[in-house]
Amino acid sequence: MSPLATDKKHAKTPEQLKRQGNIYRSFNYVGTNETLAYLFNDFSNSFNINGYRERFIWDVVKIDFGISAIVNIFTGAWDVINDTVIAAIVDNTRTRLGKFRPYLISFQIPLTLIGLLYWFIPFFFPNTSATFVPKLIFFFAFNVITETAGTFTSVAKSGYMSTITPNPNERIKLITLAELLTGYMGEDMPGYIMGFLYDMVSTGRLKVPMRNIFLGMGGTTAIISCAFTLWFFIVSKERVPQTIERPNIKEGLRAIFTNYPVLLMCLSDFLGGFGVGSDERNYWIDVHGGQSMINTILALVSGISGPVGSISYAFVAPIRKRFSSRAIWVGADFYGDMVTLGFFLFGIHNKNYLKLKPMLVAYGLREFLNKLLFGVNKVINTDLWNEAMDYCEWKHGYRMEATTGVARGLVLKLQGVAMGTVRTLIMKKIGYVQGLKIGTQDEKTKFWLFALCTVVPLVTSALGIVPKLLWPINKKARERMYYELSETRKKRVSEYMESVESNEEGAPQPAPAE
């Protein structure tokens, strides 16, 4: 059953739909309670310590770099295989809850509980070497199991976010509101706290085992995130009606080539996916000896540039009205690259990258400049994929969010496996030694840690900007697309309701009670 047809608060008959006028121009669907849940769901997406997973594996669990690369290859290959099957299952789902919600609601709690085992690995295998076989077997099996189960929710969620409202203007408002407010709700706070605790334990000022810190922070954030995400999936609805006919896998895979916007996004992702880099946290930890100082500068930067980031969301509507998606997408990308390049050039001048104070000042300036287009970047990058899905429905008459999304990801995942292996092996190549006291890597290694979080990924991913120059949906095409889509969706709901009424009239009546 179409969720749009069953939404009691909105259109139930063709006559009501006609009185509403065009969806693109006149109607908002998402109420206050659902909007609030949407905000907390967006908040939960960043409320974690995932930025420290590499440090957890390197310094606490201790998995050998070479073996980790092999695990990446096997789990990545399995990821490609199961994604296709699971996406087909999701795209062919038709229930009263909708197409995506059954998976999002039922899998959330079990996946969170399984995921907690990740932070228990150093408790299961304490004080073991980086090549301890039972630990490596557990690590491999855990990655395969969680990747398989997590595919259902990740595939479903990627499609679900484009169906909660058929009004693209309302969708933009939701994205803008979420990106604007969730920063003030403290979504980055776990990262700041974890950085401070990591530094305190590493320097011996806090006498607590590092594994306890990771378990406490990782487990707490996972449970809180699960609660907020589950709340959103329960109170929200799918409102973009799906076709009654179930599309086949070939259509979804073919859509990646016939849907021009999707093809361009895939090419941009693919070309940009050759970027090689390392998390910037590794530079601050291994070059400057900790995270407490970066937390201090982040707090100062938030106080100075935070309002600029908030104000930048006010630029979204006028910029979208004045410029095409292509101009915004390319311009924001180029601007960010130039800011990163300036940060790198300052770092290599007189070896400033080895000096804490100059780099903290440069970091603050870089963040301030990035904040100028922060809101625009957040909103446009999130909405372009939704716009591409709507384009597919407009041109081909069906939506295959799950299969198309997986098709988009197949090549990228194969590429990601290869590049992930390369990144892991690069750490050995630059002379990184696991287990050393922080701040004691040699100078050559420190330079490459700085380069790997600045200029190297910028140069190696530069070709990703080329497909962005070819984005076909201009302002007039977008207006026409959404006008025609709204009319098509009204007709689809009307036909569905007529078929339901026809079935009810022809259904056999129950025998009277004796």
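## A tour of an all-helix model

Let us begin inside: the largest nonpolar core has 49 residues, and those that touch the most other members are Phe56, Ile57, Phe214 and Tyr283. Helix α5, which covers residues 53-61, gives the most to this core, with five residues. Apart from this core lies another one of 43 residues, including Ile86, Tyr103, Val316 and Ile380. A general idea helps here: in soluble globular proteins, nonpolar side chains tend to be buried together. Please keep in mind throughout that this is a predicted model.

### The whole chain

Now step back and look at the chain as a whole. How many helices and strands are there in the protein chain? The count is 24 helices and zero strands. The chain has 514 residues, and buried residues make up 50% of them. Its exposed surface is about 23700 Å², with 65% of that supplied by carbon and sulfur atoms. Take the contacts between residues at least 6 apart in sequence: 86% of them join residues at least 24 apart.

### One helix in detail

Helix α4 makes a good example to trace in the structure. This helix runs over residues 32-46, which is 15 residues. From its first C-alpha to its last, α4 reaches 22 Å, close to the 21 Å expected at 1.5 Å a residue. Which residues of α4 are buried? They are Glu34, Thr35, Ala37, Tyr38, Leu39, Asn41, Asp42, Phe43 and Ser44. The partners they pack against are α9 (133-160), α10 (168-182) and α12 (210-235).

### Rings and charges

Let us return to tyrosine 283, one of the core residues that touch the most other members. Leaving aside neighbours within four places in sequence, tyrosine 283 is in contact with His288, Tyr353, Met359, Leu449, Phe450 and Cys453. This tyrosine is buried, with a relative accessible area of 0%.

Aromatic rings also pair up in this structure, which holds 35 aromatic pairs. In the pair of tyrosine 283 and tryptophan 284, the ring centres are 5.1 Å apart and the planes stand at 65°, so the pair is edge-to-face. The reasoning is short: planes over 60 degrees apart count as edge-to-face. Tryptophan 284 is buried as well, with a relative accessible area of 2%.

Rings can have charged partners too. The charged end of arginine 53 is placed over the ring of tyrosine 118, 4.2 Å from the ring centre. Likewise, arginine 366 lies over the face of phenylalanine 343, and here the distance to the ring centre is 4.6 Å.

### Buried or exposed?

Here are some residues to find in the structure, with their relative accessible areas.

| Residue | Relative accessible area | Class |
|---|---|---|
| Proline 190 | 4% | buried |
| Glutamate 393 | 3% | buried |
| Lysine 62 | 37% | partly exposed |
| Asparagine 350 | 54% | exposed |
| Lysine 429 | 70% | exposed |

Why does proline 190 count as buried? Its relative accessibility is 4%, and buried means under 20%. Proline 190 is placed in helix α11, residues 189-202. Not counting residues up to four places away in sequence, proline 190 touches Phe47, Asn48, Ile49, Met217 and Thr221. Threonine 221 is 31 residues away from proline 190 in sequence, yet their C-alpha atoms are 7.5 Å apart in space.

Glutamate 393 has its place in helix α20, residues 374-396. With residues up to four places away in sequence not counted, glutamate 393 touches Val240, Tyr398, Arg399, Leu485, Arg489 and Arg492.

Lysine 429 belongs to helix α21, which covers residues 401-429. Between lysine 429 and tryptophan 448 there are 10.0 Å from C-alpha to C-alpha, and the two are 19 residues apart in sequence.

### Two loop residues

Finally, visit two residues in loops. Lysine 62 lies in the loop between α5 and α6 (65-91). This residue has a positive phi of about 65° although it is not a glycine. Where is asparagine 350? Asparagine 350 lies in the loop between α18 (325-348) and α19 (356-371). Asparagine 350 is not a glycine either, and its phi is positive at about 55°.

How values were computed. Residues are numbered from 1 along each chain as its sequence is written. This is a predicted model: local features need pLDDT of at least 70, side-chain atom pairs count only at pLDDT 80 or more; totals for chains, interfaces and linings use all residues. Side-chain values use heavy atoms; hydrogens and water are left out. Helices (H or I, at least four residues) and strands (E, at least two) are DSSP runs, numbered from the N terminus. The expected span of a helix is 1.5 Å times one less than its number of residues. Buried means under 20% relative accessible area, exposed over 50%, partly exposed in between (1.4 Å probe, protein chains only). Contact means heavy atoms within 4.5 Å. Rings of Phe, Tyr and Trp (its six-membered ring) pair if their centres lie within 6.5 Å; planes under 30 degrees apart count as stacked, over 60 as edge-to-face and the rest as tilted. A charge sits over a ring if NZ of Lys or CZ of Arg is within 6 Å of the ring centre and within 35 degrees of the ring normal. Accessible areas come from the Shrake-Rupley method with a 1.4 Å probe; for residues, only the protein chains shown count as cover. A nonpolar core is a set of buried Ala, Val, Leu, Ile, Met, Phe, Trp, Tyr and Cys residues joined through side-chain atoms within 4.5 Å.
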